[in-house]
Amino acid sequence: AKASGRNTYSFFTYKMNDMILRRLEIEGQLRGALERHEFEVYYQPKLDLKTGSVTGAEALLRWHNPALGQVGPDEFIPVAEHIGIIIPIGKYVLEQALSFLLEWRKAHQQQYAIAVNLSPLQFRDRAFASFVEESLVNANVRPECLEFEITEGVLMIGKSYVEEALSKLHKLGVKLSMDDFGTGYSSLSYLRQYAFDLLKIDRSFISGICEKKEDRDLVTAAIAMAHSLDLRVIAEGVETQEQLSLLADLGCDIAQGYYFSKPMPANEMMKFRYDKISE
Ligand code: C2E
Ligand code: CA
Ligand code: CA
Ligand code: CA
């Protein structure tokens, strides 16, 4: 208000104020969100490119708050990490995802897998692996049907934490997936160091594969490298038939994206069928 004569100054000040206010509002609302049952886990199907069948789904968290409306995970997950409530939120997601998996498999008589995203802070929680083990037993799910999607952020929190947590999870038999591959600087060396089972190529490369030679080259190289390391390759963010058939030609194993479906609530995922590939 003091700087009313200087337009640029006040413009930025107001804009910053807006950002700070929104952030504070999110913080405030987020604190009780779990207790108020404002979270819901959505699911997005993954398809096997060779058989055309659904292999499983990724769990993606949604938050609906009466005051703020729908807030995306890209916005609220970092806040949840910052205010120290990502651990209970992460537990909620895992429990929901496992109980959904059980119902889903019963309904279809299929061996689906479920993928859950992990925050770096969940790795610092020394009790995490035993919580996972307990949850698998409670949900009656075999470990190999659970995948954790891990980004480089997880791997950068410190070698000892990471090694301990990853080796515990690996011993349990759950699958580890390198998420957002291609966007970081050191994903390659991490792939060599740790026991990943799956490599998930970032959407930013998939969206350009039909038009940009560089993106296609990178995806081609990533697939070859992953296969030589015995990893299965998932393409995320597949939106068109052209991308899908190119990925199939390149030998990509699994695809996920709006072309098949947006993430959806459990009851819709339960009914989801896909038959476009085999047509
Ligand atoms: P991510 O793990 O890379 O998830 C992929 C994001 O791409 C999701 O956004 C998904 O809805 C979106 N997506 C999928 N297919 C397409 C497509 O064809 N086109 C486009 N344009 N987008 C597509 P979403 O659900 O908003 O999640 C954003 C990020 O939030 C995730 O990125 C993940 O890092 C984080 N996140 C979501 N749920 C959780 C969770 O339960 N725990 C943690 N720690 N992070 C989560
Ligand atoms: Ca993911
Ligand atoms: Ca991604
Ligand atoms: Ca991401």
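Author: In what follows, buried means under 20% relative accessible area, exposed means over 50%, and partly exposed lies in between (1.4 Å probe, protein chains only). This is a predicted model, in which local features need pLDDT of at least 70 and side-chain atom pairs count only at pLDDT 80 or more, while totals for chains, interfaces and linings use all residues. Residues are numbered from 1 along each chain as its sequence is written, chains are lettered from A and ligands numbered from 1 in the order in which they are written, and side-chain values use heavy atoms, with hydrogens and water left out.

Reader: With which residue does Lys200 form a salt bridge?

Author: Side chains of opposite charge can pair when their charged atoms come close. A salt bridge is a side-chain nitrogen of Lys or Arg within 4 Å of a carboxyl oxygen of Asp or Glu. In the pair that Lys200 makes, the closest N and O atoms are 2.8 Å apart, and the partner is Glu149.

Reader: How many residues apart are Lys200 and Glu149, which link distant parts of the chain?

Author: Helices (H or I, at least four residues) and strands (E, at least two) are DSSP runs, numbered from the N terminus. Lys200 belongs to strand 7 (residues 198–201) and Glu149 to strand 5, the latter strand spanning 146–150. Along the chain the two are 51 residues apart.

Reader: Is Lys200 buried or exposed?

Author: Its partner Glu149 has a relative accessibility of 1% and is therefore classed as buried. Because Lys200 has a relative accessibility of 0%, it too counts as buried.

Reader: Which residues are linked with Lys200 in a network of salt bridges?

Author: By the 4 Å rule, the whole model holds 15 salt bridges. The network that contains Lys200 also takes in Lys46, Glu58, Glu147 and Glu149.

Reader: Which side chain meets that of Arg31 in a salt bridge?

Author: Arg31 lies in helix 1, four residues, or about one turn of the helix, from its partner. Arg31 is partly exposed because its relative accessible area is 47%, whereas the partner is buried, at 16% relative accessibility. Arg23, also in helix 1, meets that residue as well, at 3.6 Å from N to O. For Arg31 the N to O distance is likewise given as 3.6 Å, and the partner is Glu27.

Reader: What is the nearest side chain of opposite charge to the buried Asp48?

Author: Asp48 is placed in strand 1 (residues 39–48), and its side chain reaches the backbone nitrogen of Lys50 at 2.7 Å. In judging opposite charge, Lys and Arg count as positive and Asp and Glu as negative, while His and the chain ends are not counted. Asp48 has no salt bridge, and at 4.4 Å away the nearest side chain of opposite charge is Arg232.

Reader: What is the volume of the largest pocket?

Author: On a 1 Å grid over the protein atoms alone, a pocket is an open set of points with protein on both sides within 12 Å along at least five of seven lines, a cavity is a set where a 1.4 Å probe fits but cannot get out, and lining residues have an atom within 4 Å of a point. Grid points are joined across faces, edges and corners, and a volume is the space filled by probe spheres set on the points. For the largest pocket this volume is about 1100 Å³.

Reader: Which of the 35 residues that line the largest pocket are the closest to its centre?

Author: Two or more lining residues come from each of several elements, including strand 2 (54–65), helix 2 (73–82) and strand 4 (113–117). Closest to the centre of the largest pocket are Glu58, Leu60, Pro73, Asp74 and Asn117.

Reader: Which element gives the most to the lining of the largest cavity?

Author: One cavity of 30 Å³ or more is counted, and the space in the largest cavity is about 80 Å³. Its lining has five nonpolar, no polar and five charged residues, where Ala, Val, Leu, Ile, Met, Phe, Trp, Tyr, Cys and Pro count as nonpolar, Asp, Glu, Lys and Arg as charged, and the others, Gly among them, as polar. Helix 4 (120–124), helix 5 (128–139) and helix 7 (159–172) each supply at least two residues. With four residues, the element that gives the most is helix 7.

Reader: Is His37 buried or exposed?

Author: His37 lies in the loop between helix 1 (7–31) and strand 1, and its phi is near 55°, a positive value in a residue other than glycine. Because its relative accessibility is 69%, His37 counts as exposed.

Definitions and conventions. A polar contact is a pair of N or O atoms within 3.5 Å; within protein, one must be able to donate a hydrogen and the other to accept it, and residues adjacent in sequence count only if both atoms are side-chain atoms.
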